[in-house]
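Reader: Hello! Could you take me on a close look at a single part of this structure, a salt bridge and whatever surrounds it? I would enjoy one connected account.

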Amino acid sequence: MQSVSLKGSTVRVEAGKKLPYAFEVLSYSDTEPGEQCTSQYQTDVLIYDQFEDETWIPRVVIECKQKTVTTHDALTYSTKAATHKNVHPYLRYGILLGKRNHYPLPGRLIRHGLNFDFMASWVDYEPTNDEWQDLMGVLVEEVKASRLLQGMLTQSRSKSRKHFSLIHRPLNFKKMS
């Protein structure tokens with residue numbers, strides 16, 4: 001993946017940070033939006049670019065769940081991912097399951113988690129070194145993907161934009177050890 005750096009930004013990680021999932025325009029003045037309203041969900045883990053001027057851009061959300069995942073959980077979290085992506089179309093979204101012992105990712109999560117960009121499962125509450133390294137590798141790639149997607153969406157009419165002729169969303173699988 002191509003690297004994208006942003007001058008004056010620092011990648012930050014925060015638990016419990018709220019992120020808008022709806023942005024509604026309640027009135028207009030001529031053709032300009034007037035009164036506006038946002039609705040927010042609290043995220044389990046949010047990774048974002050923080051800039052020197054105190055502005056920030058969300059990059060990756062990780063939903064965290066322990067032990068079991070029901071069909072209802074999978075549907076709810078996937079819907080939450082979709083609503084966040086409606087407001088932030090460059091946002092990457094995943095789920096992390098902890099204390100799964102040696103059970104694999106459940107089929108119901110794969111079937112109903114259509115809006116997840118990644119899924120990870122840890123044997124215990126704390127990751128093994130391999131589990132941690134795997135997740136960190138995925139998160140670095142997801143931050144890069146978010147930056148590229150945002151650039152593509154916001155600079156689509158700029159002559160100096162990056163030109164791409166192919167985008168591919170591969171699926172990477174890692175067997176449990």
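Author: Happily! Let's start with Arg-92 and Asp-117, whose side chains meet in a salt bridge at 3.4 Å, N to O. Arg-92 belongs to strand β8, while Asp-117 sits in the loop between α2 (107-112) and β9, so this pair ties together parts that are 25 residues apart in sequence. Please keep in mind that the model is predicted.

How buried or exposed are the two partners? Arg-92 is buried, with a relative accessible area of 11%. Asp-117, at 24%, is partly exposed. The cut-off for buried is under 20% relative accessible area, so Arg-92 falls inside it.

Arg-92 has another partner as well: its side chain also meets that of Glu-142 in a salt bridge, here at 2.5 Å, N to O. Glu-142 lies in helix α3 and Arg-92 in strand β8, so this second pair ties together parts that are 50 residues apart in sequence. Glu-142 is itself buried, with a relative accessible area of 9%. Through shared partners, salt bridges join Lys-85, Arg-92, Asp-117 and Glu-142 into one network. In general, side chains of opposite charge can pair when their charged atoms come close.

Now let's follow the network into the helices. Glu-142 takes us to helix α3, residues 129-154, with 26 residues. At 1.5 Å a residue α3 should span 38 Å, and its end C-alpha atoms are 38 Å apart, which agrees. Glu-142 is one of the buried residues of α3, a list that also includes Leu-135, Leu-139, Val-143, Arg-147 and Leu-148. As a general point, an α-helix has 3.6 residues a turn, so residues three or four places apart point the same way. The buried residues of α3 pack against five strands: β1 (9-15), β6 (45-51), β7 (56-66), β8 (92-98) and β9 (118-121). Strand β8, the home of Arg-92, is thus among the packing partners of α3.

Lys-85 leads to the other helix of interest, since this lysine is among the buried residues of α1. Others on that list include Asp-73, Ala-74, Tyr-77, Ala-81 and His-84. Helix α1 has 17 residues, which should span 24 Å at 1.5 Å a residue; the end C-alpha atoms are 25 Å apart, which agrees. The buried residues of α1 pack against β2 (18-25), β5 (36-42), β7, β8 and α2. Strand β8 therefore appears in the packing of α3 as well as that of α1.

Next come the nonpolar residues. The largest nonpolar core has 14 residues, and those with the most contacts inside it are Val-61, Tyr-93, Ile-95, Leu-109 and Phe-116. The elements giving two or more residues to this core are β6, α1 (71-87) and β8. A second, separate core of 11 residues includes Leu-96, Phe-118, Trp-122 and Val-143. Nonpolar side chains in soluble globular proteins tend to be buried together.

What does Ile-95 touch, leaving aside its neighbours within four places in sequence? Ile-95 is in contact with Glu-63, Tyr-77, Leu-109, Phe-116, Phe-118, Met-119 and Ala-120. Among these, Tyr-77 is a buried residue of α1, and Phe-118 belongs to the second core.

For contrast, consider the pair Glu-14 and Lys-17, whose side chains meet in a salt bridge at 3.7 Å, N to O. Glu-14 counts as partly exposed at 30% relative accessibility, whereas Lys-17 counts as buried at 17%. In the whole structure, a search finds 11 salt bridges.

Finally, let's step back to the chain. Its secondary structure comes to three helices and nine strands, in the order β-β-β-β-β-β-β-α-β-α-β-α along the sequence. Buried residues make up 34% of the 177 residues. Of the contacts with a separation of 6 or more, 63% are between residues 24 or more positions apart. On the outside, the chain exposes about 11,700 Å², and carbon and sulfur atoms supply 51% of that area. One nonpolar surface patch of about 310 Å² is made by Phe-23, Val-25 and Tyr-28. Tyr-28, placed in strand β3, is exposed, with a relative accessible area of 55%.

Key. Residues are numbered from 1 along each chain as its sequence is written. This is a predicted model: local features need pLDDT of at least 70, side-chain atom pairs count only at pLDDT 80 or more; totals for chains, interfaces and linings use all residues. Side-chain values use heavy atoms; hydrogens and water are left out. Patches are made of residues with over 30% relative accessible area and no salt bridge: like charges are joined within 9 Å, nonpolar side chains (Val, Leu, Ile, Met, Phe, Trp, Tyr) within 5 Å. Accessible areas come from the Shrake-Rupley method with a 1.4 Å probe; for residues, only the protein chains shown count as cover. A salt bridge is a side-chain nitrogen of Lys or Arg within 4 Å of a carboxyl oxygen of Asp or Glu. Helices (H or I, at least four residues) and strands (E, at least two) are DSSP runs, numbered from the N terminus. Buried means under 20% relative accessible area, exposed over 50%, partly exposed in between (1.4 Å probe, protein chains only). The expected span of a helix is 1.5 Å times one less than its number of residues. Contact means heavy atoms within 4.5 Å. A nonpolar core is a set of buried Ala, Val, Leu, Ile, Met, Phe, Trp, Tyr and Cys residues joined through side-chain atoms within 4.5 Å.
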